[in-house]
Amino acid sequence: MSGNIELLNTTLAAARAEDRAALIAYLPAGFPTVDGGIEAVKAVIAGGADVVEVGLPHSDPVLDGPVIQTADDIALRGGVRIADVMRTVREAYEATGVPILVMTYWNPIDRYGVERFTAELAEAGGAGCILPDLPVQESALWREHADKHGLATVFVVAPSSQDARLVTITAAGSGFVYAASLMGVTGTRASVGAQAQELVGRTRATTDLPVCVGLGVSNAGQAAEVAGFADGVIVGSAFVKAMLDAPDEAAGLDAVRSLAGELAQGVRKR
């Protein structure tokens with residue numbers, strides 16, 4: 001079975017055709033439970049998310065701030081496994097028809113096996129992977145199997161990325177480019193900053209891929225600001241915090257659905 005890179009491409013193109021940015025939501029698998037995590041993904045889609053990134057919880061995070069680390073710890077203590085991540089992708093995709101990606105560090109894939117991981121992700125209906133710590137120059141094996149199975153390979157660029165480096169990264173990627181709005185780890189912030197707009201401009205000069213901005217967006221106003229210059233707005237920590245702060249799972253699902261609705265309105269007010 002082929003993965004859903006084409007669904008991702010058409011979804012992002014459709015948002016552009018509507019003269020708006022896409023809303024891309026992030027939630028970790030297995031949080032607060034495997035079943036609860038699946039329902040949370042469905043909830044953000046019901047609220048208006050165009051694309052969802054399902055996080056593969058990892059014990060040695062590089063990009064994740066304290067909010068996502070807390071959720072990952074809950075998931076790991078609950079015994080989440082890669083099979084649960086695949087189940088999350090499958091059930092969310094089958095229920096909604098929305099493109100679902102996995103965001104993961106490289107080590108779990110390396111240990112699991114690249115061919116096995118890509119084949120299972122494609123079979124589950126996944127659209128691709130975001131690989132924040134896989135260097136482009138070491139990505140040939142991954143890209144070979146991702147291409148074979150119809151999966152996007154999304155790389156992360158940062159304000160520190162030099163123009164020549166951007167050319168190398170965007171040439172190797174597919175689906176979209178994940179532009180980290182600032183240096184540092186994930187988490188909500190009072191402002192997204194001018195660095196993000198400059199980075200999007202420099203990245204667009206190297207590629208026709210959509211450029212989507214993450215790190216820091218937590219409300220409709222910030223979403224509208226980023227939507228003014230980016231093809232997609234990526235929100236993670238705000239959703240996770242809404243789940244963490246809720247008194248129970250049902251309230252958490254209501255909270256993330258409502259937040260997705262507010263953000264979906266925001267990306268339409270570019």
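Two strands pair if DSSP finds at least two bridges between them. Strands are DSSP runs of E with at least two residues, helices are runs of H or I with at least four, and both are numbered from the N terminus. Keep that in mind for today.

Some ground rules. This is a predicted model, where local features need pLDDT of at least 70, side-chain atom pairs count only at pLDDT 80 or more, and totals for chains, interfaces and linings use all residues. Residues are numbered from 1 along each chain as its sequence is written, and side-chain values use heavy atoms, without hydrogens and water.

Start at strand β9, residues 232-235. Which strands pair with β9? Strand β1, residues 22-28, does so in the parallel sense, over four bridges. There, L23 is the bridge partner of V233. Strand β8, residues 211-214, is also parallel to β9, over two bridges. V213 stands opposite V233. From β8 the chain goes through α10 to β9, a right-handed β-α-β crossover. Right-handed means the path over the helix runs clockwise from the first strand to the second, with the strands pointing away from the viewer.

Now the faces of β9. In a regular strand the side chains alternate between the two faces of the sheet. G232 and I234 lie on one side, V233 and V235 on the other, and all are buried (under 20% relative accessible area, 1.4 Å probe, protein chains only).

Last, helix α10, residues 220-227. Which residues of α10 meet α12? A220, A223, A224 and A227 do, against E262, L263, G266 and V267 (heavy atoms within 4.5 Å). By class, that contact has six nonpolar, one polar and one charged residues, with Ala, Val, Leu, Ile, Met, Phe, Trp, Tyr, Cys and Pro as nonpolar, Asp, Glu, Lys and Arg as charged, and the others, Gly among them, as polar.

Methods: Axes fitted to C-alpha atoms, helices over the stretch in contact; angles between N-to-C directions. Buried < 20%, exposed > 50% of the residue type's maximum accessible area, 1.4 Å probe, protein only.
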